[in-house]
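This report goes through selected features of one protein model, from charged pairs to strands, loops and rings. Please have the sequence and the structure open while reading.

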Amino acid sequence: MHKFTHLPLLPSMRIGIVCLVLGTGLAACQSAGYQKTPGGISYKIIEKHNGPKPQVGDYLKLQITTSVGDTVLMDTHKMGGPTRVQLQKPQGHFDIMEALALLSAGDSAIFLIPADSVIPDISRFPYIKKGDNLKIAVKLLAVQNFQQMQEDLQKEHAAQLEKDEKIIEDYLNKNHLTASKTPGGVYIVVHQEGKGPVPQAGDQVQINYTGRSLDGKPFDSNVDTSFQIVHHPLEPFIFTIGQGQVLKGMDEAIMQMKEGTKATIYIPSGLAYGPTGQPPVIEPNEILSFDIDLLKVKPASKAK
């Protein structure tokens, strides 16, 4: 069963930062004006500003573009916006934290790190050759403390929610659908109203579902195997409501439905997979819909 969980927004692993871009040979890059840190990272400042410099513990708001030669592999500009990394004390040679600490807010730079210094067995990756470098092209947009980062994330979430709500409402109007709206912004179109109890947090529920993008393309279902990206049995999906076992938007919508209800719910991206998405199946900031058949509600006192 595909688990619909909300993915974290803050990457915490150094390897997740450095394994972004494969670049050209180190010698060629050094001849193009690269300098080297004491820890061995080659770097070039592309654009220099006089903004605040980060300290250990600060959060860095970054745009990152990744490529292999002329092929772009990942671009945060097209993946829901900037990512955030907490600056940590370098732990040895070729630690990306040392390079990030060189930047001030507003700076852009390219860092080069030998691939075999961070990837134990490069032979597992046929596109990485001995002597290749990992290339990280970054722009430091802001240096933030924890509170500032949280406030910034909240503003971004609010702006995206407003955008998503307009898209959903336009879709509903175009298709002549009448929906109720949860406090968090999930839209519910009821096709058949049930007569049973409304689930509360901690209750066990059984549902049938089919998940689709807003353009109608299915990506998962427990009633039709042709809609499954990852195969799982065609049987009711059982989970505990309100415990974060499914997408936040699904939790919220089902807690507004009576047992026996059949409905389609429309979940804004911030209550689904957010700015990270689940590529290649679910795009960053993608609105999702689910056909839901709430089969059974078992109160928490009887669920054990």
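## A charged pair between two strands

Asp291 has a relative accessible area of 29% and is partly exposed. The model is a predicted one, and every value in this report was computed from it.

Asp291 forms a salt bridge with Arg212, with an N to O distance of 2.4 Å. Arg212 belongs to strand β10 (residues 204–213) and Asp291 to strand β14, so the salt bridge ties together parts that lie 79 residues apart in sequence. Arg212 is also partly exposed, at 22% relative accessibility. That figure falls in the partly exposed class because buried means under 20%.

## Other salt bridges

The structure holds nine salt bridges in total. Side chains of opposite charge can pair when their charged atoms come close. One of the nine joins Glu165 and Lys181, whose closest N and O atoms are 3.0 Å apart. Glu165 sits in helix α4 (residues 146–174) and Lys181 in strand β8 (residues 180–181), so this pair connects parts 16 residues apart in sequence. Glu165 is buried, at 17% relative accessible area, whereas Lys181 is partly exposed, at 45%.

Helix α4 also contains the salt bridge between Lys166 and Asp170, where the closest N and O atoms are 2.9 Å apart. The two residues are four places apart in the helix, so about one helical turn separates them. Lys166 counts as exposed, with 53% relative accessibility, while Asp170 is partly exposed, with a relative accessible area of 40%.

## Strand β13 and its neighbours

How many of the six residues of strand β13 are buried? Five are, so the strand (residues 262–267) is largely enclosed by the rest of the structure.

Strand β13 pairs with strand β9 (residues 187–192) in the antiparallel sense, over five bridges. Within this pairing, Val190 has Ala263 of β13 as its bridge partner. Strand β13 also runs antiparallel to strand β14 (residues 288–298), and six bridges join the two. Here Ile265 is partnered with Phe290 of β14.

## Thr261, ahead of β13

Thr261 lies in the loop between α5 (248–254) and β13. Is Thr261 buried or exposed? With a relative accessibility of 1%, Thr261 counts as buried.

The side chain of Thr261 reaches the backbone nitrogen of Gly194 at a distance of 2.9 Å. Leaving aside residues up to four places away in sequence, Thr261 touches Val190, Gln192, Glu193, Gly194, Ile292, Asp293 and Leu294. Val190, one of these contacts, is the residue whose bridge partner is Ala263.

## Two loop residues with positive phi

His176 is not a glycine, yet its phi is positive, at about 55°. His176 is found in the loop that runs between α4 and β8. The relative accessible area of His176 is 72%, so the residue is exposed.

Asn285 is another residue other than glycine with a positive phi, near 55°. The loop between β13 and β14 holds Asn285. Asn285 is partly exposed, with a relative accessible area of 21%.

## Aromatic rings

Five aromatic pairs are found in a search of the whole structure. Among them is the pair of Tyr59 and Phe146, which is tilted, with 6.0 Å between the centres and 55° between the planes. Tyr59 is in strand β3 (residues 59–68) and Phe146 in helix α4, and the pair links these distant parts of the chain, 87 residues apart. Tyr59 is buried, at 12% relative accessible area, and Phe146 is partly exposed, at 48% relative accessibility.

Elsewhere, Tyr209, Phe237 and Phe239 form one aromatic cluster.

Note on methods. Residues numbered from 1 in each chain as written. Predicted model: local features only at pLDDT ≥ 70, side-chain atom pairs only at ≥ 80, totals over all residues. Heavy atoms only, no water. Buried < 20%, exposed > 50% of the residue type's maximum accessible area, 1.4 Å probe, protein only. Pairing = 2+ DSSP bridges. Salt bridge = Lys/Arg side-chain N within 4 Å of Asp/Glu carboxyl O. Phe/Tyr/Trp six-rings, centres within 6.5 Å; stacked < 30°, edge-to-face > 60°. Polar contact = N/O pair within 3.5 Å; in protein donor to acceptor, adjacent residues only side chain to side chain. Contact = heavy atoms within 4.5 Å.
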